[in-house]
Amino acid sequence: MIILSDETADIPTPSGMMRMHVFRPAIAGRFPGIVLFSEIYQVTAPIRRLAAMMAGLGHVVCVPEVYHEYEPAGTVLAYDKPGTDRGNFLKHEKSLAAYDHDARAALDWLAAYPHCTGALATMGVCLGGHLAFRAALDPRVRATVCFYATDIHAHSLGHGKCDDTLARVGEMKGEAFLVWGRQDPHVPFAGRQMIREALEQAQVCYEWHEFNAQHAFLRDEGHRYDSALFLQCMDMARTFLGRIMHLSA
């Protein structure tokens, strides 16, 4: 499906204006919406390609700039040591409340967007996986797709490194789709077990998938990229979202 990918929207949040990058089918109509949360590097080329793929499957996708309070609109951090250091610093500099305000603002905007049906999902990778998971505590979110979500097991998102994401997992009303790499040092086996046990205890509806893969195996830049696994995971996510968001699978 041909898409439009050059639209942006600057929306108000309690911590300032937040730029969102919008990807949607070029044909007339209304489509389910996905808030796609990025890695610590913001809206990089691989993130844009991921958003374009999901839009091509029949969704309106908006990608917020997660560090809008600290970086000028349009800033993309490089996949290098300075970029990684800056992204990791800001991940813990930003308050948990600010992350939550941003997620709510993005969902509010997408729900009212003329090309969206109002059916909402979240999706994310790395930091964005945690943000997508946490945003799905909003009862409007029907589905969340989280790839190698960091910091959930360590309760370390935001300033002070003391988040309550797992403690609140019982608030999740939609379904979750979680994917992990067994060779990912950021989310070890014990951490994955902790997350899964919390989902079970809260009786959340979820799918759980583990692969022999490194952290960031979806990112189509760098040595950890696994193209075959990328395609497999995208097809699985398409089927999952199609069932829940009332698209043909």
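**Exercise 1. Find the residue just after helix H1 that takes a positive phi, and then describe the helix itself.**

*Solution.* Start at the end of the helix: in this predicted model, Gly58, just after H1, has a positive phi of about 100 degrees.

Next, check the length. H1 covers residues 45–56, which makes 12 residues. From first C-alpha to last it reaches 16 Å, close to the 16 Å expected at 1.5 Å a residue.

Now look for the buried positions. These are Pro46, Ile47, Leu50, Ala51, Met54, Ala55 and Gly56. To make sense of such a pattern, recall that an α-helix has 3.6 residues a turn, so residues three or four places apart point the same way.

Finally, ask what covers these buried residues of H1. The cover includes strands S1 (3–13), S2 (16–25), S3 (31–37), S4 (60–64) and S5 (116–125), along with helix H6 (227–244).

**Exercise 2. Work out which residues have the most contacts inside the largest nonpolar core, and which helix gives the core its largest share.**

*Solution.* A reminder helps here: in soluble globular proteins, nonpolar side chains tend to be buried together.

The largest core holds 51 residues, and Phe37, Tyr67, Leu127, Phe133, Leu178 and Leu199 have the most contacts inside it. H3 supplies the largest share of this core, with seven residues. Another core lies apart from it, with 37 residues, among them Ala55, Ala216, Leu218 and Leu229.

Then zoom in on Leu178. Setting aside neighbours within four places in sequence, Leu178 is in contact with Phe133, Cys146, Leu199, Tyr206, Glu207, Trp208 and His209.

**Exercise 3. Describe the largest cavity: what is its volume, and which residues line it?**

*Solution.* Rolling a probe the size of a water molecule over the atoms shows where empty space is left.

A search of the whole structure turns up one cavity of 30 Å³ or more. The largest cavity has a volume of about 50 Å³.

Its lining consists of Met18, Phe37, Pro64, Val66, Lys94, Tyr99, Asp102, Ala103 and Leu131. Sorted by class, that gives seven nonpolar, no polar and two charged residues. Helix H3 (residues 96–112) contributes the most to this lining, with three residues.

**Exercise 4. Describe the largest pocket: how much space lies in it, and which residues lie nearest its centre?**

*Solution.* The space in the largest pocket comes to about 240 Å³. Its lining has 16 residues, and Ile40, Asn88, Cys126, His186 and His215 lie nearest the centre.

To finish, sort the pocket lining by class: five nonpolar, seven polar and four charged residues.

Key
Residues are numbered from 1 along each chain as its sequence is written. This is a predicted model: local features need pLDDT of at least 70, side-chain atom pairs count only at pLDDT 80 or more; totals for chains, interfaces and linings use all residues. Side-chain values use heavy atoms; hydrogens and water are left out. On a 1 Å grid over the protein atoms alone, a cavity is a set of points where a 1.4 Å probe fits but cannot get out, and a pocket is an open set with protein on both sides within 12 Å along at least five of seven lines; lining residues have an atom within 4 Å of a point. Grid points are joined across faces, edges and corners, and a volume is the space filled by probe spheres set on the points. Helices (H or I, at least four residues) and strands (E, at least two) are DSSP runs, numbered from the N terminus. Ala, Val, Leu, Ile, Met, Phe, Trp, Tyr, Cys and Pro count as nonpolar, Asp, Glu, Lys and Arg as charged, and the others, Gly among them, as polar. The expected span of a helix is 1.5 Å times one less than its number of residues. Buried means under 20% relative accessible area, exposed over 50%, partly exposed in between (1.4 Å probe, protein chains only). Contact means heavy atoms within 4.5 Å. A nonpolar core is a set of buried Ala, Val, Leu, Ile, Met, Phe, Trp, Tyr and Cys residues joined through side-chain atoms within 4.5 Å.
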